[in-house]
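Please look over the structure shown below, and then read the notes that follow on a few of its residues and on its nonpolar cores.

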Amino acid sequence: MFFQARHLICFFALFLMSSCFSNENNKPSPFGLPVTYPVGGKPVGLAAKDMNNDGYPDLLIPNTGDNTLYFYEGNGDGTFKKAVVLKTGREPMSLAIADFDGDGLPDIALCNYGDNNISIILGQKDGLFKVSAKIKTGRLPIAIDTSDFNGDGFIDLAVTLRFNKLMIFLGVGDGSFKIGEAYKATGTPADLVAGNFNNDKYPDIAIVSNAIKANYIKLFYGNGDGTFQNPKKILGAKQSNYIAKYDLNNDKIQDLVIANPLADSITLFIGNKEGSFAVQPDLAGEKGPQYVVSGEFTGDKAMDLVVTNRRDNSISILEGRGDGSFIFPHYNYPVGPDPRAMAAADFNNDGLTDLALILHQRKLVEIFMRSHGTPDPIE
């Protein structure tokens with residue numbers, strides 16, 4: 001009798017949790033109940049990438065509170081092996097992943113905010129990692145991205161410094177880098193993304209800033225030789241802290257998405273062939289939108305956006321129409337406290353996009369597996 005009662009209680013608890021994980025309009029969540037894994041103190045970043053070439057996405061999480069980088073190897077069924085913990089420099093803030101030494105294995109460039117440098121961590125054939133070098137950057141490196149900025153076939157780095165600079169480091173092809181040009185990037189740069197935004201075949205860089213009066217993004221158009229033109233301002237931001245590139249309207253031209261946490265909004269910049277952007281009316285957000293990922297989450301084969309909302313402990317799904325516009329109202333679902341970075345990938349190899357989400361206060365990463373909708377392509 002006690003056995004039956006205990007199982008009834010467990011079933012009722014799961015039912016309540018399932019019911020809670022739905023929006024106020026009773027829209028069922030496209031995700032199952034999350035599974036959590038521990039991470040280090042004050043986790044701030046998250047990347048999902050196949051780091052050992054086994055075909056399954058793995059997780060990388062930098063933790064500023066205890067100066068560590070957690071590596072969770074994916075099993076391909078939605079679960080992960082015990083974390084491998086790497087010691088880093090002080091306050092590892094953000095990371096970028098690419099093959100820096102040409103051995104076919106992904107490597108890591110990690111911004112150590114408190115040490116004013118970048119750690120270059122090379123992937124090894126045994127699935128582990130080796131810190132090969134540290135690159136001095138200048139004061140407070142906060143964001144990083146990669147591309148081949150000078151067309152020599154080697155991966156380069158673009159790094160924003162917290163107060164007023166964009167630094168370029170040109171790859172040599174063996175995992176080492178040489179200093180390129182430094183550019184003024186006033187307005188307290190917060191995040192950047194590299195991409196070809198004016199369709200001239202040369203990589204460009206877009207930066208968002210979160211100074212009080214920073215109501216713009218800055219575009220540095222590349223010359224193809226590792227140098228960049230004077231930045232162009234595009235108005236539309238509001239003390240933004242996050243930027244990403246996606247093709248939101250399926251025209252094969254890169255668009256930009258930014259998060260404005262103090263304005264509780266998301267802004268879209270729809271690109272055209274000439275390299276300019278049409279700024280769309282702000283998408284209303286919940287409290288403190290922090291991070292945005294894309295994927296097909298509603299079963300209609302159109303790209304949607306998922307947003308973490310830091311101040312009300314939720315994620316929002318903005319349902320896309322496939323033409324760069326999104327349906328209002330969006331769907332809002334509760335998650336754990338203080339959600340930060342997020343990554344989308346197919347963790348269990350079923351053709352559906354799943355989510356990994358950082359809970360900053362609880363020192364956890366939550367894994368949400370898709371449970372509804374039709375399969376969607378994974379890039």
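Asparagine 249 counts as buried because its relative accessibility is 18%, where buried means under 20% relative accessible area with a 1.4 Å probe and protein chains only. This is a predicted model, in which local features need pLDDT of at least 70, side-chain atom pairs count only at pLDDT 80 or more, and totals for chains, interfaces and linings use all residues. Residues are numbered from 1 along each chain as its sequence is written, and side-chain values use heavy atoms, with hydrogens and water left out.

**Asparagine 249**
- Asparagine 249 lies in the loop between β18 and β19, strands being DSSP runs of E with at least two residues, numbered from the N terminus.
- Setting aside residues up to four places away in sequence, asparagine 249 touches Asp255, Ile270, Gly322, Asp323 and Gly324, a contact being heavy atoms within 4.5 Å.

**Nonpolar cores**
- The largest nonpolar core (buried Ala, Val, Leu, Ile, Met, Phe, Trp, Tyr and Cys residues joined through side-chain atoms within 4.5 Å) has 29 residues, and Leu268, Leu305 and Leu355 have the most contacts inside it.
- Among the strands that each supply at least two residues of this core are β20 (265-271), β24 (304-309) and β28 (354-359).
- A second, separate core of 18 residues includes Tyr72, Ala345, Ala356 and Ile358.

**Glutamate 366**
- Glutamate 366, found in strand β29 (residues 364-368), is buried yet has no salt bridge, that is, no side-chain nitrogen of Lys or Arg within 4 Å of a carboxyl oxygen of Asp or Glu.
- The nearest side chain of opposite charge to glutamate 366 is arginine 362, 6.0 Å away.
- Beyond four places in sequence, the contacts of glutamate 366 include Pro34, Val335 and Leu355.

Notes: Helix = DSSP H or I, 4+ residues; strand = E, 2+ residues; numbered from the N terminus. Buried < 20%, exposed > 50% of the residue type's maximum accessible area, 1.4 Å probe, protein only. Lys, Arg positive; Asp, Glu negative; His and termini not counted.
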